[in-house]
Amino acid sequence: MNTNLIERIKNKSAIIGIVGLGYVGLPLVLRYMEVGFKVLGIDVDKAKVEKLNAGGSYIEHIAPESIKRALKGGFDATGDFSRARGVDVLILCVPTPLNQYREPDLSFVLDTTDALVPYLRKGQLLSLESTTYPGTTEEELLPRVTSAGLEVGKDFFLVYSPEREDPGNQSYTTSTIPKVCGGQTETCLKAGIALYQEAVEQVVPVSSTKAAEMTKLLENIYRAVNIGLVNEMKVVSDKMGIDIHEVIKAAGTKPFGFTPFYPGPGLGGHCIPIDPFYLTWKAREYGLNTRFIELAGEVNANMPSWVVSKVVDGLNEAGKALKNSKILVLGIAYKPNVDDMRESPSVELMELLEGKGALVEYSDPHVPVFPQMREHHFDLQSIELTERAVASYDCILLATNHRGFDYDMIQSYAKLIVDTRGVYQRKQHNVIKA
Ligand SMILES: NC(=O)c1ccc[n+]([C@@H]2O[C@H](COP(=O)([O-])OP(=O)(O)OC[C@H]3O[C@@H](n4cnc5c(N)ncnc54)[C@H](O)[C@@H]3O)[C@@H](O)[C@H]2O)c1
């Protein structure tokens, strides 16, 4: 049966089902279509399904033309899970957030799997790509698949292969980012390798699904901890009158043993502020504390308040109080040149400033209207950055350094700029670094 599936993958007659058509799932759909597979997309969000089937895109860096091309090639999106029976491969790319107690919320992964179980059949391969703690595939997915009467490794194949998508990164695409894969059994791994080597240049096999799950967490914890480190170095350097960005640039000339990480107003995105705590939670089961993760989390979580204190200092120098000052937050997506707002520290900055009585607005060419967010609300639209507009604010808070901003113009007309991204390298009378 496995040979059969591998044959079908190799000759591209296998149908690929991708469940969860967001930042991770949609690029994967397009990649499998590009290399000649027929792909079925499954998502619970009706609006997304309708948009895709009408040839539209809801992700800024994915052009509607790519969706239209995929539709022509036979791509089809649906909310009907029973159609999973007709595919050979199911790749799960659903969210893995934290709950209100900052513990893993696996409900999306489990609900999706439960919804698929009635339609699983012999000869299929199921791959989980969502970031999660080591043990999820084995402890949660395996029993569910087995409950469908399928024997994993014999008549059904189960792998974990973490996604490494970096939206907006122009140097790497889905096909050029190596893909780690761990199988529940040797035969599962073989099927996983066959699947992914059709779409990516390099597949990196590891010995188990747990090792693959831990690999993804190590990558993201490495980033969270190093960002925590430079954020702490930033606060210390600031007190000492040293510019941390100059220091990182100089240290970055060392050809070995140093990788630059950059400080900022706090962590953002769906991965770095969240994923490390999946390990923290799981480690407790083994009586272990993840102290680096907790410490980095504490340092990074303090950044928005530290930045606000810099805004207060800057206004104070000009004889102004934060209350009733007009503040323009520049960039509210969580990182440059994308429209993704998830966990964006800019939103926390806006809330902290507004909470202290400031009159807050924002400008972000990627986010024309402040979006609907589960826990945040601002009835605002992006301000157009004219010279007059820039000059009208008491403070411009540079939170996300999008390529599209005219930084020279902003510096020429702003009364005060608080720069959290090290954009202004040279000393300027109206720029404070934060
Ligand atoms: N965004 C990234 O850059 C990135 C990078 C690496 C890993 N990841 C991981 O990949 C996973 C997915 O992230 P994302 O950014 O694509 O999320 P996303 O929110 O953009 O997309 C998830 C999609 O899943 C759909 N969905 C939710 N519940 C569902 C269900 N029960 N059945 C079917 N579809 C359902 C949602 O409607 C949405 O379209 C997460 O575990 C994330 O940590 C994300």
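Two residues are in contact when heavy atoms lie within 4.5 Å. That term comes up throughout this tour. The model is predicted: local features need pLDDT of at least 70, side-chain atom pairs count only at pLDDT 80 or more, and totals for chains, interfaces and linings use all residues. Residues are numbered from 1 along each chain as its sequence is written, and side-chain values use heavy atoms, with hydrogens and water left out.

Start at Lys51. Lys51 is found in helix H3, residues 46–53. Helices (H or I, at least four residues) and strands (E, at least two) are DSSP runs, numbered from the N terminus. Setting aside neighbours within four places in sequence, Lys51 is in contact with Gly56, Ser57 and Tyr58. Its relative accessibility is 40%, so Lys51 counts as partly exposed. Three classes are used here: buried is under 20% relative accessible area, exposed is over 50%, and partly exposed lies in between (1.4 Å probe, protein chains only). The C-alpha atoms of Lys51 and Ile67 are separated by 9.7 Å, with their positions 16 residues apart along the chain.

H3 also helps to cover another helix, H2. Helix H2 spans residues 25–34, and 9 of its 10 residues are buried. They are Gly25, Leu26, Pro27, Leu28, Val29, Leu30, Arg31, Tyr32 and Met33. Besides H3, the cover includes strand S1 (15–19), strand S2 (38–42), helix H4 (64–72), strand S4 (89–92) and helix H7 (186–197). After H2 comes Gly36, with a positive phi near 105°.

Leu28 of H2 has a second role to note: Leu28 is among the residues that line the largest cavity. A cavity is a set of points, on a 1 Å grid over the protein atoms alone, where a 1.4 Å probe fits but cannot get out; lining residues have an atom within 4 Å of a point. The count comes to 1 cavity of 30 Å³ or more. About 70 Å³ of space lies in the largest cavity. Here grid points are joined across faces, edges and corners, and a volume is the space filled by probe spheres set on the points. With Leu28, the lining consists of Pro162, Glu163, Arg164, Thr174, Ile177, Pro178, Lys179 and Val200. It divides into 5 nonpolar, 1 polar and 3 charged residues. In this scheme Ala, Val, Leu, Ile, Met, Phe, Trp, Tyr, Cys and Pro are nonpolar, Asp, Glu, Lys and Arg are charged, and the others, Gly among them, are polar.

Pro178 of that lining gives a link to Leu380. The two are 202 residues apart along the chain, and their C-alpha atoms are separated by 40 Å. Leu380 sits in the loop between strand S10 (359–363) and helix H13 (387–391). Leu380 counts as buried because its relative accessibility is 17%. Beyond four places in sequence, its contacts are Met350, Val360, Glu361, Tyr362, Val369 and Phe370.

Another buried loop residue is Ser130, with a relative accessible area of 5%. Ser130 lies between strand S5 (124–128) and H6. Not counting residues up to four places away, Ser130 touches Leu92, Cys93, Val94, Thr96, Val109 and Tyr160. Ser130 and Ser161 are 31 residues apart in sequence and 8.3 Å apart in space, C-alpha to C-alpha.

Now turn to helix H10, residues 276–285. This helix is largely enclosed by the rest of the structure, because 7 of its 10 residues are buried. Those residues are Pro276, Phe277, Tyr278, Leu279, Thr280, Lys282 and Ala283. Their cover includes helix H6 (136–147), helix H8 (209–239) and helix H11 (291–317). Gly287 follows H10 and has a positive phi near 70°.

Tyr278 also belongs to an aromatic cluster with Tyr133 and Trp281. The whole structure has 8 aromatic pairs. Rings of Phe, Tyr and Trp (its six-membered ring) pair if their centres lie within 6.5 Å; planes under 30 degrees apart count as stacked, over 60 as edge-to-face and the rest as tilted.

Phe277 has a charged partner. Arg102 lies over the face of Phe277, at 5.2 Å from the ring centre. The rule is that NZ of Lys or CZ of Arg is within 6 Å of the ring centre and within 35 degrees of the ring normal. Arg102 is found in the loop between S4 and helix H5 (107–116). Arg102 is not a glycine, yet has a positive phi of about 55°.

Terms used
1 Å grid on protein atoms, 1.4 Å probe; cavity = no way out; pocket = protein on both sides within 12 Å on 5 of 7 lines; lining within 4 Å.
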